[in-house]
Structures are given as structure tokens and as C-alpha cells.
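Student: I have a protein model open and would like to learn how to read its features. Could we go through some together?

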Amino acid sequence: MNQPSIAVQPYVLGPDQGDTYAFLGSLFTVKATGAQTGGAVSVAEFVNPPGFAPPLHRHLVEDEMFHVLTGSALFLCEGRELSASAGSFVLLPRGLAHSFVVGPDEPLHYVQITSPAGFEEFVAAAGEATTERRLPDPGPIDPAALGHAAATHRIEILGPPPV
């Protein structure tokens, strides 16, 4: 039986490997891109500071999944409150308005999976490449630049962070 050729190749990245971006005061390290998964998924390691909350938004193309490693957050999706802590898994389906608020006591460290791939391209466009492996200074956010990058990558910014 003939097997189709597979363009996706196996690989391993260590804990400090992967392209890293300072993004909205958070640290985003790419572990798998769409190019590496045939467009199926992107995987990243994210660290958000205590109290962090992204703007209310919705992904028009990707489902977004979070596997929480440490910390806690309250995820808000279409009027529902979903509490997550270490070991929790959260699914936010495409098309639904959502945000989250990181707990006040420690950073939120999680693996983020988006399907199909593409979210990593948004972060690369809206963030800044860094070699640092610590949380960046939050600095000012340019709403116009963020909105443009989001629209280009089929993400709608719907409102301010919920805090």
C-alpha cells in the first residue's frame, strides 16, 4: 500500500528553544508553526504576568486551546466564566468573543494550541522578537498597530481588557 509523502518532519525543541516574542507585556515562545505542521496547528508556550488580560476579541479562523502549567486565570467566553488553574485545559472555539484575566498572585504559564495554525504569525506581526527569557516590560500598546495586525490575521478586537 502506498503511503502519501509526508512533508512534516519530526523534531524536538528544548525548554529554552523556539522563536520568542515580547507580546502585550507577555512572553510567547513558538514550539510548532503552521509550516512545521502542514498548517494543522500552531503550538506556543506563553507566560502572562499577574493581573494580565488581553482585549476582548474573537478568532474568525482558529480554535484556541490552553493547557495551564502554573498559575490561574478566569476565562470569559460568550458570557461564561471558566476558572482554570495548573493542570486545567480550556477550549475557546472560533467565532466566540473571549478574554481572560490572570490571577493576581503569580504569572500564568501555559501551552497554547491553535487550530488551524496561524496565530504565531499574528504574534510575530504584533510583537517584538526577543532573546530574553523573562517577562518584558509592558510598555505602551499601539492600538492601531494591534488592530491592523489582528485584522490581517482574521482576529477581531471587540473591546478593552475586562479589568
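Student: Is Glu 156 buried, partly exposed or exposed?

Tutor: Glad you asked! Keep in mind that this is a predicted model. Glu 156 counts as partly exposed because its relative accessibility is 30%, and partly exposed is the class between under 20% and over 50%.

Student: Which residue does Glu 156 form a salt bridge with?

Tutor: Here is the general idea: side chains of opposite charge can pair when their charged atoms come close. In this structure, Glu 156 forms a salt bridge with Arg 58, and the closest N and O atoms are 2.6 Å apart. The pair links distant parts of the chain, with Glu 156 in strand E12 and Arg 58 in strand E4, 98 residues apart. Arg 58 counts as partly exposed because its relative accessibility is 23%.

Student: How many salt bridges are there by this rule?

Tutor: The count comes to 3 salt bridges. One of them joins the side chains of Arg 94 and Asp 63, at 2.9 Å from N to O. This pair also links distant parts of the chain: Arg 94 is in the loop between E8 and strand E9, and Asp 63 is in strand E5, 31 residues apart. With 38% relative accessibility, Arg 94 counts as partly exposed. In another, the side chains of Glu 132 and Arg 134 meet at 3.2 Å, N to O.

Student: Why does Arg 134 count as exposed, and why does Glu 132 count as partly exposed?

Tutor: Compare each value with the cut-offs. Arg 134 has 52% relative accessibility, so Arg 134 counts as exposed. Glu 132 has 37%, so Glu 132 counts as partly exposed.

Student: What is the nearest side chain of opposite charge to Glu 62?

Tutor: That is Arg 94, 7.9 Å away; Glu 62 is buried yet has no salt bridge. A salt bridge needs the nitrogen and the carboxyl oxygen within 4 Å. Glu 62 lies in the loop between strand E4 and strand E5. The side chain of Glu 62 does make a polar contact with the side chain of His 59, at 2.9 Å. Beyond its neighbours within four places in sequence, Glu 62 is in contact with residues including Thr 114, Phe 119, His 153 and Ile 155.

Student: Which residues touch the most other members of the largest nonpolar core?

Tutor: Think of a core as buried nonpolar residues joined through side-chain atoms. The largest one here has 27 residues, and Phe 28, Phe 75, Phe 100 and Phe 122 touch the most other members. Leaving aside neighbours within four places in sequence, the contacts of Phe 122 include Phe 23, Leu 146, His 153 and Ile 155.

Student: In what order do the strands of the open sheet come?

Tutor: To read a sheet, follow the pairing from one strand to the next. The 7 strands come in the order E8-E5-E10-E3-E2-E1-E11, with antiparallel pairing. Strand E8 and strand E11 are the edge strands, each pairing on one side only. Within the sheet, 4 bridges join strand E1 to strand E2, and Ala 22 stands opposite Leu 27 in E2.

Student: Where is Gly 103, for a last example?

Tutor: Gly 103 sits in the loop between E9 and strand E10. Gly 103 counts as buried because its relative accessibility is 12%. Leaving aside neighbours within four places in sequence, Gly 103 is in contact with Pro 50, Gly 51, Ser 72 and Ala 73.

Terms used: Residues are numbered from 1 along each chain as its sequence is written. This is a predicted model: local features need pLDDT of at least 70, side-chain atom pairs count only at pLDDT 80 or more; totals for chains, interfaces and linings use all residues. Side-chain values use heavy atoms; hydrogens and water are left out. Helices (H or I, at least four residues) and strands (E, at least two) are DSSP runs, numbered from the N terminus. Buried means under 20% relative accessible area, exposed over 50%, partly exposed in between (1.4 Å probe, protein chains only). Lys and Arg count as positive and Asp and Glu as negative; His and the chain ends are not counted. A polar contact is a pair of N or O atoms within 3.5 Å; within protein, one must be able to donate a hydrogen and the other to accept it, and residues adjacent in sequence count only if both atoms are side-chain atoms. Contact means heavy atoms within 4.5 Å. A nonpolar core is a set of buried Ala, Val, Leu, Ile, Met, Phe, Trp, Tyr and Cys residues joined through side-chain atoms within 4.5 Å. Two strands pair if DSSP finds at least two bridges between them.
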